[in-house]
Amino acid sequence: MNAYEKFLERRPIMCPECGGKILMIEDGKYKCEECKKEILDDYGKVRKFLNENGPTPEYEVSQKTGVDQQVVHLFLRKGRLEIPNNSRIFIKCKKCGCSIRYGSYCMDCMKQTVGALAAAFHEDAGERPTNEPHREEGRMHFVKSLWEED
């Protein structure tokens, strides 16, 4: 099971106290319609912990909140959490290995990848003629051969 599946599996679907229906009130925080109990999912637990304790290493956040360290790391990779600028420890770009505060790729690698992708699409893209003749629906059209005479 990957980190995202672990996160989804632990998302609350009903109130653990009364079994009532819960509603999301903000990202990571839910409230029971019946008993009004506030419930946090893994993201809510991590966010609350960081708000109360400030920047903390991933493994310690995991220990203190009970949220799997892979899930905490997923929040960093998905940009839901950020490492502060003044930190001594960062995550690494998946392509070049440089330090980044959140996400999977640094901005340089992202630009390079997007540029290569755009170039690949540009190479295969055709241009429409400016004076496109009326097309007849249902008929196949052929390009005349260079050797064919009119």
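This is a short dialogue on reading cysteines and nonpolar cores in a predicted model.

Me: What is a disulfide?

Reply: A disulfide is a covalent bond that joins the sulfur atoms of two cysteines.

Me: How many disulfides does the whole structure have?

Reply: The search finds 0.

Me: Why is Cys 18 not bonded to Cys 32?

Reply: Look at the distance. The two sulfurs are 3.5 Å apart, and Cys 32 holds the closest cysteine sulfur to that of Cys 18. A disulfide needs sulfurs within 2.5 Å, so 3.5 Å is too far for a bond.

Me: Which cysteine sulfur is closest to that of Cys 93, and how far away is it?

Reply: That is the sulfur of Cys 109, at 3.8 Å. Again, this is too far for a bond.

Me: Are Cys 18 and Cys 93 buried or exposed?

Reply: Cys 18 is partly exposed, at 40% relative accessible area. Cys 93 is buried, with a relative accessibility of 4%.

Me: Now the cores. Which residues have the most contacts inside the largest nonpolar core?

Reply: A nonpolar core is a set of buried residues joined through their side chains. Here the largest one has 17 residues, and Val 46, Val 72, Phe 75 and Leu 81 have the most contacts inside it.

Me: Which helix gives the most to this core?

Reply: Helix 4, with 4 residues. Helix 2 (42-53) and helix 4 (69-77) each supply at least two.

Me: What does Leu 81 touch?

Reply: Leave out residues up to four places away in sequence. Leu 81 then touches Tyr 43, Val 46, Leu 50, Val 72, Phe 75, Leu 76 and Tyr 102.

Me: Which residues belong to the other core?

Reply: That core lies apart and has 5 residues, including Cys 15, Ile 22, Cys 32 and Ile 39.

Definitions and conventions. Residues numbered from 1 in each chain as written. Predicted model: local features only at pLDDT ≥ 70, side-chain atom pairs only at ≥ 80, totals over all residues. Heavy atoms only, no water. Buried < 20%, exposed > 50% of the residue type's maximum accessible area, 1.4 Å probe, protein only. Core = buried A, V, L, I, M, F, W, Y, C linked by side-chain atoms within 4.5 Å. Contact = heavy atoms within 4.5 Å.
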